[in-house]
Amino acid sequence: MNQTNKIDIWQYVEMAIRRKWLIIIPFVVISSLSLLYSQLPPDIYQTSTLILVEPQKVPETYIQSTVTSSVNERLRIIRQQIMSRTMLEPIIREFDLYRGERSSLSMEDMVSIMRENIELNVQGADSRSGSLGSFQLFYQGKDPETVAMVTNKLASLFIEENLKRREQQAEGTTEFLEMELDRIRKELETKENAIKRFKEKHMGELPEQLDTNLRALDRLQLELQTNSEALRFAEDRKVVIQRQLAQLEPSSVISEENIEGTTSPSQSPRAQLSELRQTLSNLQARYTDKHPEVLRVKSEISKLEIEVQKMTGDEQTESPSILNISSPNPFIRDLNNQLTELELEIRRMKAEDKRLRTETQKHKKRVENTPEREQELMTLTRDYENIRENYQSLLNRKLDAQLASNMERKQKGEQFRILDPARIPQKPYKPDRKKIALIGLILGLGLGGGLAFVTENMDKSFRNVQELEAFTKLPVLAAIPMIHTKREMNRKKFRKKIAYVSSLGVLVFVIATATVHFFFYKLNFFLIELNNVRRFLLP
């Protein structure tokens, strides 16, 4: 088995020797081309900066932030803003990016290339809470120093845009709450004025005045009762005095029939008037003012008063109490004086009775209207309370929003901070020239070996005695070695020379191209450094 393997290996070695040019030429060509390709593209440098997301410095138990959007959402929006042409074009002009390609590229093309060269990598993201710990910003370009400066510039833009956006959201919330608060305040003032007008219109019938009205009603009824008793007592006293006067003065005698409401035709009109008034007092003590007998006596009194006025020519009829006021009897004068005072007191008491009854009726009406006014006021008050609670809630939210806005303005809220600033890269990020050259070597060797193997399998000629015997199944008696003519030998040597020269030429071309490219690259790098020094010395 080992011998068989050795024979197989030697067969492959013989095949490689026979097909050496099929292996060498692709290997040299592809290796040279890969080496050339690795030297053609310019060095691309990449650097990064690590930005830390710092939480709010003031505890949330004291001040609740009004910025409710997650960091991932804000970072996505900020990235879109920074990737816009409005933000990238000033950076391209400030750092003079793509200056060697401006003749063939428009500004739109340069912006698109710069977008492709920027990469954002989020680290430590929490999918449940929407928070993240940090994110890394990458940028790549041809000039290492410019790459570092552009990366730091982009990081500062991220920080500025985040602060600006948080402040705008906080101030926008405060402005919205202020507008809503003004609207609610106007509604509240409208309701307050409506309640004020309602209370002014229905003063005395309000629910909070019910106890006052009831106490006033009790007091008025008590006063009315007291006044009625005093009035009855005064009228009784008046009747007693009138009877005394009637007994002392014959002209003023009152019979039992007169007391019942009849008058004697022999008496004078004044005496009759006095008797009728006394009768009216007695009737009023027993009956109401609407009693038929009371109405009849009042009608007769009115007729007698007109008759007495015609007789005396006075403007007013004299009270029966002042009849015979000029009597020489002192006792009669005293009784007349008492009767006059009683009549004045009775008139005052009647007026007071009328006033008390009016006040009582007014307070009764207030008490009766109180439930209706309470229902109306409850409707107004319920709407007012709802608006007032809403206003107070908005006022508290506005104060909280102002605190949050001040916190964002003083940069005490959540913010981005550069943890690792971008540094000038020391070696290029791409292309990986060693990797490209190694891949070219492996590819050239594989392609050459594959061509040799395919060609060997397609060749049906016999190369040794064993192959011939295995094919013909006959023994070989003798083997004549290959005899080359001089012409064949010269042709073979010529082919070798051509192959050597071609391979050498390809190799020289590749080396020369790489050398020229390296020289121009170093020259370009030197010019970039010189330009940076010039910009530093001559700003």
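## The chain as a whole

Let's start with the outside: the protein chain exposes about 34,800 Å², and carbon and sulfur atoms supply 58% of that area. Keep in mind that what you're looking at is a predicted model. The chain holds 14 helices and 4 strands.

How much of the chain is tucked away? Buried residues account for 34% of the 539 residues. Then there's the matter of who touches whom. Take the contacts between residues at least 6 apart in sequence: 76% of them join residues at least 24 apart.

## A nonpolar patch on the surface

Look for Ile-9, Val-13 and Ile-17. Together they form a nonpolar patch on the surface, with about 260 Å² of accessible area between them. Ile-9 belongs to helix H1, which covers residues 2–18. Is Ile-9 buried or exposed? Its relative accessibility is 51%, and exposed means over 50%, so Ile-9 counts as exposed.

## Salt bridges inside a helix

Now for some charged pairs. The count of salt bridges comes to 20. One of them links Arg-85 to Glu-89, with the closest N and O atoms 2.9 Å apart. Both residues sit in helix H4 (residues 85–95), and they are 4 residues apart, about one turn of the helix. The two partners differ in how covered they are: Arg-85 is partly exposed at 31% relative accessible area, while Glu-89 is buried at 18%.

You can find a similar arrangement in helix H6 (residues 144–201), where Arg-183 and Glu-187 are also 4 residues apart, about one turn of the helix. Their side chains meet in a salt bridge, 3.1 Å from N to O. Here Arg-183 is partly exposed, with 40% relative accessibility, and Glu-187 is partly exposed too, at 32%.

## A salt bridge between two helices

What does Asp-383 form a salt bridge with? The partner is Lys-191, and the closest N and O atoms are 3.9 Å apart. Asp-383 lies in helix H11 (residues 330–409) and Lys-191 in helix H6, so this pair ties together parts that are 192 residues apart in sequence. Asp-383 is partly exposed, with a relative accessible area of 29%. Lys-191 counts as partly exposed as well, at 25%.

Salt bridges can also share partners: that is how Arg-85, Glu-89, Arg-93 and Glu-108 are joined into one network.

## How H4 meets H5

Two packed helices are described by the angle between their axes and the distance between the axes. For H4 and helix H5 (residues 107–117), the angle is about 95° and the axes are 10 Å apart. An angle from 65 to 115 degrees counts as roughly perpendicular, so that is the label for H4 and H5.

Which residues make the meeting? From H4 come Arg-85, Leu-88, Glu-89, Ile-91, Ile-92 and Arg-93, and on the H5 side they meet Met-107, Glu-108, Met-110, Val-111, Met-114 and Arg-115. You've already come across some of these names: Arg-85, Glu-89, Arg-93 and Glu-108 are the members of the salt-bridge network.

## The loop between H4 and H5

Most residues other than glycine have a negative phi. Asp-96 has a positive phi, near 55°, and is not a glycine. You'll find Asp-96 in the loop between H4 and H5, where it is partly exposed at 23% relative accessibility.

Tyr-98 lies in the loop between H4 and H5 too. Its phi is positive, about 55°, although Tyr-98 is not a glycine. Is Tyr-98 buried or exposed? With a relative accessible area of 16%, Tyr-98 is buried.

## Far apart in sequence, together in space

Gln-140 sits in strand S3 (residues 134–141) and counts as buried, at 11% relative accessibility. What does Gln-140 touch, leaving out residues up to four places away in sequence? The list is Ile-44, Tyr-45, Gln-46, Asn-117, Val-147, Tyr-429 and Lys-430.

Finally, try Val-508, which is found in helix H14 (residues 486–537). Val-508 is partly exposed, with 47% relative accessibility. Val-508 and Ser-32 are 476 residues apart in sequence, but their C-alpha atoms are 9.1 Å apart in space.

Methods:
Residues numbered from 1 in each chain as written. Predicted model: local features only at pLDDT ≥ 70, side-chain atom pairs only at ≥ 80, totals over all residues. Heavy atoms only, no water. Patch = residues over 30% accessible without salt bridge, like charges linked within 9 Å, V, L, I, M, F, W, Y side chains within 5 Å. Areas by Shrake-Rupley, 256 points an atom, 1.4 Å probe, with all protein chains shown as cover. Salt bridge = Lys/Arg side-chain N within 4 Å of Asp/Glu carboxyl O. Buried < 20%, exposed > 50% of the residue type's maximum accessible area, 1.4 Å probe, protein only. Contact = heavy atoms within 4.5 Å. Axes fitted to C-alpha atoms, helices over the stretch in contact; angles between N-to-C directions. Parallel < 35°, antiparallel > 145°, perpendicular 65-115°, else oblique.
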